[in-house]
Amino acid sequence: MAEDPGAFAEDPDAFTIEPSPSGRLLCGGCAPHDVCRLGVEIAEARDDAVRFEVVCPPFWHGGPGVAHGGWTAAVFDDALNIVALRIEPRLVTKSLAVRYLRPVPVGRPMDLLARIERHSGRRWEVSAEMTLTGTPLATARAELRTRRPHHFARHEAWLARRSPSPNGPHAES
Ligand SMILES: CCCCCCCCCCCCCC(=O)SCCNC(=O)CCNC(=O)[C@H](O)C(C)(C)COP(=O)(O)OP(=O)(O)OC[C@H]1O[C@@H](n2cnc3c(N)ncnc32)[C@H](O)[C@@H]1OP(=O)(O)O
């Protein structure tokens, strides 16, 4: 992320994912480390598709030797956004559907291919498949949206209107 984080406090909508010093596209959590802690690396990029090499780090295991389903979903969220982020830097995920076909092993390099299925205006439909030696382990589809202007500022204003409730933080809807 190349932009000055201080700028987001003044204008949160200035936020975009930009290549890190080593050229990686990283989320806000991983950018300071300059490495994807989910274990995702871009292997090959074409106009409407990106191929990734992914390895589930051991600390993301959910059962003996197999990945937590949340790791798989997070990896798909990243990959499905990256395929469109190369064209549109201001995206959010509107929906994400994952099909878990087989257990995903920890510590084994896998292939993930993400592609743009459709794009019209603010609407993006993207899909991806994670494979091990050619066998599908999981697939995903997502709807993305180009952020409207002031997306994060609207969110912050909405949050600011929520005063802490005596009944706890989840009392208001
Ligand atoms: C190699 C390295 C690998 C690693 C790579 C890492 C790269 C990193 C990749 C990381 C990628 C991670 C990517 C992620 O994970 S992004 C994070 C997960 N996604 C979100 O947070 C999205 C949350 N959802 C929304 O914001 C909206 O539902 C969207 C925008 C999707 C609606 O969109 P849509 O086009 O369907 O409808 P609309 O724009 O007409 O809105 C409809 C209604 O929604 C409300 N609403 C909308 N906006 C706001 C708002 N701002 N503040 C407050 N309310 C808001 C509002 O009620 C509005 O109605 P109205 O009241 O206006 O009538």
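**Notebook: ligand shell, aromatic pairs, backbone and cysteines**

I began at the ligand and found that one of its oxygen atoms is 2.9 Å from an N or O atom in the side chain of Arg 148. I note here that the model is a predicted one.

I then looked up two further polar approaches. A polar side-chain atom of Lys 94 lies 2.7 Å from an oxygen atom of the ligand. For His 151 I recorded a polar backbone atom, which is 2.7 Å from a nitrogen atom of the ligand. I also checked the ligand's surface: taken alone, the ligand exposes 1300 Å², and the protein buries 62% of that.

**Entry: the shell**

I listed the surroundings next. The ligand is surrounded by 20 residues, and Leu 25, Asp 77, Lys 94, Arg 148 and His 151 are the closest. Sorted by class, the shell holds 9 nonpolar, 4 polar and 7 charged residues.

I asked which elements give two or more residues to this shell. They are strand S1 (40–45), helix H2 (69–85), strand S5 (91–100) and helix H3 (151–160). Helix H2 provides the largest share, with 4 residues.

**Entry: aromatic pairs**

My search for paired rings gave a count of 2 aromatic pairs. In one, the ring centres of Phe 15 and Phe 152 are 6.1 Å apart and the planes stand at 90 degrees; planes over 60 degrees apart count as edge-to-face, so I entered the pair under that heading. I located both partners: Phe 15 is in the loop between helix H1 (5–10) and S1, Phe 152 is in helix H3, and the pair thus links distant parts of the chain, 137 residues apart.

I then looked up how accessible these two rings' residues are. Phe 15 has 22% relative accessibility and counts as partly exposed. Phe 152, at 24%, also counts as partly exposed.

The other pair I recorded is formed by Phe 59 and Trp 60, with 6.2 Å from centre to centre and 45 degrees between the planes, which makes it tilted. Phe 59 counts as exposed at 61% relative accessibility, whereas Trp 60, with a relative accessible area of 33%, is partly exposed.

**Entry: positive phi**

I turned to the backbone. Most residues other than glycine have a negative phi, and I therefore noted the exceptions that follow.

Thr 133 has a phi near 40 degrees, a positive value in a residue other than glycine. I placed Thr 133 in the loop between strand S7 (123–132) and strand S8 (135–146). Its relative accessibility is 75%, so Thr 133 counts as exposed.

His 150 likewise has a positive phi, near 70 degrees, and is not glycine. I found His 150 in the loop between S8 and H3. At 53% relative accessibility, His 150 counts as exposed.

**Entry: cysteines**

How many disulfides does a search of the whole structure find? I recorded 0.

I followed this up at Cys 30, which is in no disulfide; the nearest cysteine sulfur is that of Cys 27, 3.9 Å away. A disulfide requires the two sulfur atoms to lie within 2.5 Å, so this distance does not qualify. Cys 30 has a relative accessible area of 6% and is buried.

Cys 36 is in no disulfide either, and the nearest cysteine sulfur, belonging to Cys 30, is 5.1 Å away. I entered Cys 36 as buried, at 13% relative accessibility.

Methods. Residues numbered from 1 in each chain as written. Predicted model: local features only at pLDDT ≥ 70, side-chain atom pairs only at ≥ 80, totals over all residues. Heavy atoms only, no water. Near = heavy atom within 4 Å. Polar contact = N/O pair within 3.5 Å; in protein donor to acceptor, adjacent residues only side chain to side chain. Areas by Shrake-Rupley, 256 points an atom, 1.4 Å probe, with all protein chains shown as cover. Nonpolar A, V, L, I, M, F, W, Y, C, P; charged D, E, K, R; others polar. Phe/Tyr/Trp six-rings, centres within 6.5 Å; stacked < 30°, edge-to-face > 60°. Buried < 20%, exposed > 50% of the residue type's maximum accessible area, 1.4 Å probe, protein only.
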